[in-house]
Amino acid sequence: MNDKISTLLAKLNTDLLIDGEWVPGSTGETLEVLNPATNEVITSVASATEEDAHRAFAAACRAQESWARTPARERSEILRRAFDLVMERAEDFAILMTLEMGKPLAEAYGEVTYGGEFLRWFSEEAVRHYGISGTTPEGSLHMQTVRHPVGPCFLVTPWNFPLAMATRKIAPALAAGCVMVLKPAKQTPLTSLYLAQTLIDAGLPQGVLNVVCGRSAAAISAPIMADPRLRKISFTGSTEVGKSLLKSAADNVLRTSMELGGNAPFLVFEDADIDEAVQGAMAAKLRNIGEACTAANRFLVQESIAAEFTEKFAAAMEDLVLGNGLEEGVTCGPLIDAHAVANMVALVEDAVVHGATAVTGGTRGEGTGNFFAPTVLKNVPPQARVFREEIFGPLAPITTFRTEQEAIALANDTEFGLASYLFTPDHSRIQRVSSQLEFGMVGINTGVISNAAAPFGGVKQSGMGREGGVDGLDDYTRLQYLGIKDPYS
Ligand code: NAP
């Protein structure tokens, strides 16, 4: 493995990508990338300044016209070649993600499949993007709607899914004919840089995609957000940063896609198959070490089955093997940094003060990395912080309910509205409960819902816009209506 890592890092471009060239930042400053399993430095990447961000955005703007005119079939084929290359390079991508983010290698391969699929899905959608045609009701005008690329975009991604969050934005933007600057999170820039090289290898023309990361996200984003040529910001990250970007987006009345935080309820009704629900709970809680916006945050379990569910769920959590995700057999990796571990400890302490009990875990893990033991808490009251805040770690709080209406009220008792989960075999209950859940996505008898073909997104303070599916492409287009006088009217 060490030889593979050395070879991979030796071929990785760690500079900024501006106008098709890999260039150091204008001050020569660099940024260290750490392995969260060991807290050792993996490598350093160029750190962009305001000036670099400005140059990157100017390069994108110069490429906009020719990229928008490039036939959809050509754009589609570049995306398809990029998909094939990502699949060929699956091992490289998986190792990079485990190194810089910490997820177990098997999960990193899972992200290669999921993240790569956005390239394939949007290569297919690129050539099937239609408007409508018709006549106005009184017959005087022929109506046509045409979809144009929205224009230059600024794409900002988080550290938790280094590949998928980038492809989920880049692929529809390219399919629609938009140019862009991508700013990956400072903790995980390596996967994005390798993806950018892969897109260049697939034939992407210079300037269409530019990548800048650096020590100060605010310094990089300020000149781009202020530039009147910018047409869209697509952001995935915390609600707090999303709100501040929404405020600056208002100055230029930008199109915005905001994929923000979540606080997913996971409802288990007494008629559910408990083993299936536990399996779903493990998938919804432990995917990505719990560091996912779709992660089940609150387990709401009907009182009559709570003891059995809790016991089986805790046993499954105890079976996890905590450790460095590159090592064989490890099923739960480290958290992204020491701050995240301290937050888990604080959430547990607060829940216990509010009357909860730790059924398993509740403490830091051993070793020099940022480990936290998989934890199940029971009797968690809605006042506890762990019930109200996005957890982002392998910590599962359980709260019980008596009636369906109580379950729905508890589930909706949050300012977030991204993912939710529901376990019951009763179809009328599925319809009744889902229609009352104030969430953008509902997983029914499953703990995994993300899919490139489905519209991903939230309501309330979880954001706006949709990524993936057919809607994901619409979000990178502006709709123009042509009203044509009917020559016979
Ligand atoms: P974050 O702190 O908000 O950072 C996200 C991105 O925003 C990073 O690239 C960060 O750059 C950048 N950023 C920070 N401050 C900025 C500023 N002032 N101007 C412009 N960009 C700025 O979030 P995170 O901790 O990386 O990610 C975790 C959050 O993402 C969680 O809340 C999670 O729920 C959310 N998330 C949502 C989805 C979804 O689809 N809804 C998916 C995945 C994650 P630096 O790294 O350089 O600071």
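**Exercise 1. Two phenylalanines and their ring pair**

Task: Determine whether Phe299 is buried or exposed, and describe how the rings of Phe299 and Phe313 are arranged.

Solution. Step 1. In this predicted model, Phe299 has a relative accessibility of 0%, so Phe299 counts as buried. The cut-off for a buried residue is under 20% relative accessible area.

Step 2. Phe313 also counts as buried, because its relative accessibility is 0%.

Step 3. A pair of aromatic rings is described by the distance of the centres and the angle of the planes. For Phe299 and Phe313, the ring centres are 4.9 Å apart and the planes stand at 55°, so the pair is tilted.

Step 4. This pair links distant parts of the chain, with the two positions 14 residues apart in numbering: Phe299 belongs to strand β13 (residues 296-302) and Phe313 to helix α11 (residues 306-318).

Step 5. Phe299 and Phe313 are members of one aromatic cluster, which also includes Phe266, Phe309, Tyr421 and Phe423.

**Exercise 2. A ring pair within a helix**

Task: State how many aromatic pairs a search of the whole structure finds, and classify the pair of Tyr114 and Phe118.

Solution. Step 1. The search of the whole structure yields 10 aromatic pairs.

Step 2. In one of them, Tyr114 and Phe118 have ring centres 5.2 Å apart and ring planes at 65°; the pair is therefore edge-to-face. An angle over 60 degrees is required for that class.

Step 3. Tyr114 and Phe118 both lie in helix α5 (residues 105-125), and because they are 4 residues apart, about one helical turn separates them.

Step 4. Tyr114 and Phe118 are both buried.

**Exercise 3. Charges over rings**

Task: Identify which ring lies beneath the charged end of Arg168 and which ring has Arg298 over its face.

Solution. Step 1. Arg168 places its charged end over the ring of Phe456, at 3.9 Å from the ring centre.

Step 2. Arg298 is found over the face of Phe387, and here the distance to the ring centre is 4.9 Å.

**Exercise 4. The sheet of 7 strands**

Task: Give the strand order of the open sheet formed by 7 strands, and explain how β12 is placed in the structure.

Solution. Step 1. The strands follow the order β14-β15-β16-β13-β12-β17-β18, with mixed pairing.

Step 2. β14 (357-360) and β18 (441-444) are the edge strands, each pairing on one side only. From one strand to the next, the twist averages 25°.

Step 3. β13 and strand β16 (residues 395-401) run parallel and are joined by 4 bridges. Gln302 stands opposite Phe401 of β16.

Step 4. β12 and β13 also run parallel, joined by 5 bridges. The bridge partner of Phe266 in β13 is Phe299.

Step 5. Strand β12 (residues 264-268) has 5 of its 5 residues buried, so the rest of the structure largely encloses this strand.

Step 6. In a regular strand the side chains alternate between the two faces of the sheet. In β12, Ala264, Phe266 and Val268 point one way, while Pro265 and Leu267 point the other way, and all are buried.

**Exercise 5. The sheet of 3 strands**

Task: Determine which strands stand at the edges of the sheet β5-β6-β20.

Solution. Step 1. This open sheet contains 3 strands, and its pairing is antiparallel.

Step 2. The edges are formed by β5 (133-135) and β20 (477-485); each has a single partner strand, so one side of each has no neighbour in the sheet.

Step 3. Strand β6 (residues 141-149) is joined to β20 by 9 bridges. Across this pairing, His142 stands opposite Ile484 in β20.

**Exercise 6. The largest pocket and a covered strand**

Task: State the volume of the largest pocket, name the element that gives the largest share of its lining, and describe strand β11.

Solution. Step 1. The volume of the largest pocket is about 1100 Å³.

Step 2. The lining consists of 39 residues, of which Pro158, Trp159, Gly237, Ser238 and Val241 are the closest to the pocket centre.

Step 3. Elements contributing two or more lining residues are β7 (153-156), α8 (217-226), β10 (232-236), α9 (239-251) and α12 (338-353). The largest share, 5 residues, comes from α9.

Step 4. β10 runs parallel to β11, and 5 bridges join the two strands. Phe235 stands opposite Met258 in β11.

Step 5. Strand β11 (residues 255-259) is mostly covered, with 4 of its 5 residues buried.

Notes:
Residues numbered from 1 in each chain as written. Predicted model: local features only at pLDDT ≥ 70, side-chain atom pairs only at ≥ 80, totals over all residues. Heavy atoms only, no water. Phe/Tyr/Trp six-rings, centres within 6.5 Å; stacked < 30°, edge-to-face > 60°. Buried < 20%, exposed > 50% of the residue type's maximum accessible area, 1.4 Å probe, protein only. Lys NZ or Arg CZ within 6 Å of the ring centre and 35° of its normal. Pairing = 2+ DSSP bridges. Axes fitted to C-alpha atoms, helices over the stretch in contact; angles between N-to-C directions. 1 Å grid on protein atoms, 1.4 Å probe; cavity = no way out; pocket = protein on both sides within 12 Å on 5 of 7 lines; lining within 4 Å. Points joined across faces, edges and corners; volume = space filled by probe spheres on them.
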